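Student: Please pick one residue of this model and look closely at its surroundings. Then work outward from there to the rest of the chain.

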Amino acid sequence: AQQGSCSPSPLPLPMVTEDELAIGHLGRLAHWCGANSREEIAEILRHRMGRSYDKLPLLHVMAAQCGLNAHTYAATCSMLPFTCFGVDECHTLGRTESTWSPKVMHAIGLLTPSKALKFCPECALRQESQNGYSVWRRCDQLPGNFNCTQHAMPMVLADTKSAFAKSPSALMEAGQYQTIDTPADCLRHARIDQFIETTGAMLRTGRSWPMAQIRERLSTRAKSRGLRSSMAESGSLLSDLAFDSIPTSYLQRLFPLAENKHSDRVFSSIDAAVFRSGNSPSAVAIALAMTLLYPSPTQALQECVAIR
């Protein structure tokens, strides 16, 4: 049911569900309140919270509406713990060195999708039937994840970048989605399954970590496996191991230009994760390195960031 913008009626509970993506949370609240734009839902939420929230960014208002502070909300309802898993500069983090500075939280675009979103049709329809609404889940948006983690059903891709304004079940009803073609050699692949488990484990840490520590641990681990840990060394590379262990069709979806990879030639998008210097690796490269160098996500996080 939709409520008028002046209605004091309670917002739908729970205010935010487990693993719900912030952009989808915004859309769910906008639909419930009958808002037609981000500005309108912001005005409604600020009105509900009181005058002290008039000047606060929407992210903080939404967090407060859920009874959370902005950092906790970002840690549990955004992709930041994965996309910013390793950080180079201290000013990226807040005073506790585990949360993000306001600049990062607002610049990263927590409330606006940078790409089309994925969702599981079966989960969306079940949620709609049980709760009267469906949600966008963080775990579904992790790179390389094309099947629902709950029941292995193929996910689909939202047709529009403005998907945050609609629920997955609404997109299903409107036919605004595309199927995702997953190559046969990527299905039921042990290394791919471990990679997906690793990205999920990184996301669940709920914070960022010093990049220098991560690179040092991964570099040491690579060297112990007989792999190069710097540009100056010779021998096999982490990227060689990646292309020997994981289908090229899958790696091409994770890393642009992967089809140009040649054996014994540095592919920086992957090898940067274990080189002690040079360009910082992406979160995807870190996840791949952890997958290839450790038997499990648990052991990788224990060694690289001291998660127990």
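**L292 and its surroundings**

Tutor: L292 is buried, with a relative accessible area of 1%; buried means under 20% relative accessible area, exposed over 50%, and partly exposed in between (1.4 Å probe, protein chains only). The model is predicted, so local features need pLDDT of at least 70 and side-chain atom pairs count only at pLDDT 80 or more, while totals for chains, interfaces and linings use all residues. Residues are numbered from 1 along each chain as its sequence is written, and side-chain values use heavy atoms, with hydrogens and water left out.

L292 sits in helix α14. Helices (H or I, at least four residues) and strands (E, at least two) are DSSP runs numbered from the N terminus. Leaving aside neighbours within four places in sequence, L292 is in contact with R191, R225, L238, L241, A242, S245 and I246, where contact means heavy atoms within 4.5 Å. S245 lies 47 residues from L292 in sequence, and their C-alpha atoms are 8.2 Å apart.

S245 can also be related to A190, a residue of helix α9. A190 and S245 are 55 residues apart in sequence and 9.6 Å apart in space, C-alpha to C-alpha. At 62% relative accessibility, A190 counts as exposed, whereas L292 is buried.

Helix α14 also matters for the largest nonpolar core, to which α14 gives the most, with 10 residues. A nonpolar core is a set of buried Ala, Val, Leu, Ile, Met, Phe, Trp, Tyr and Cys residues joined through side-chain atoms within 4.5 Å. This core has 60 residues, and L218 and F255 touch the most other members. Two or more residues come from each of β3 (156-158), α8 (168-174), α9 (190-204), α10 (211-224), α11 (238-245), α12 (248-254), α14 (283-293) and α15 (297-304). In soluble globular proteins, nonpolar side chains tend to be buried together. With neighbours within four places in sequence set aside, L218 is in contact with A273, V274, I286, A289, M290, L293, Y294 and C304. A second, separate core of 30 residues includes L11, V16, L58 and C66.

T205 lies in the loop between α9 and β5 (209-210). At 18% relative accessibility, T205 counts as buried. Not counting residues up to four places away in sequence, T205 touches F85, L301 and I307.

Two other loops each hold a non-glycine residue with positive phi. R188 is in the loop between β4 (177-179) and α9, with phi near 50°, and is exposed at 77% relative accessibility. A152 is in the loop between α7 (121-131) and β3, with phi near 65°, and is exposed with a relative accessible area of 54%.

Further toward the N terminus, V104 lies in helix α6 (residues 102-107) and is buried, with a relative accessible area of 16%. The C-alpha atoms of V104 and L80 are separated by 9.2 Å, the two residues being 24 apart along the chain.

Helices α1 (residues 22-33) and α2 (residues 38-49) form a helix pair whose axes come within 10 Å and cross at roughly 75°. Axes are lines fitted to C-alpha atoms, for helices over the stretch in contact, and angles run from 0 to 180 degrees between N-to-C directions. The two helices α1 and α2 are therefore roughly perpendicular to each other; angles under 35 degrees count as roughly parallel, over 145 as roughly antiparallel, 65 to 115 as roughly perpendicular and the rest as oblique. L26, L29, A30 and C33 in α1 meet R38, I41, I44 and L45 in α2. The residues of this contact divide into seven nonpolar, no polar and one charged, with Ala, Val, Leu, Ile, Met, Phe, Trp, Tyr, Cys and Pro counted as nonpolar, Asp, Glu, Lys and Arg as charged, and the others, Gly among them, as polar.

Over the whole protein, the secondary structure comes to 15 helices and five strands, and 51% of the 308 residues count as buried. Among contacts between residues at least 6 apart in sequence, 67% join residues at least 24 apart. The protein exposes about 14900 Å², with carbon and sulfur atoms supplying 51% of it; accessible areas come from the Shrake-Rupley method with a 1.4 Å probe, and for residues only the protein chains shown count as cover.
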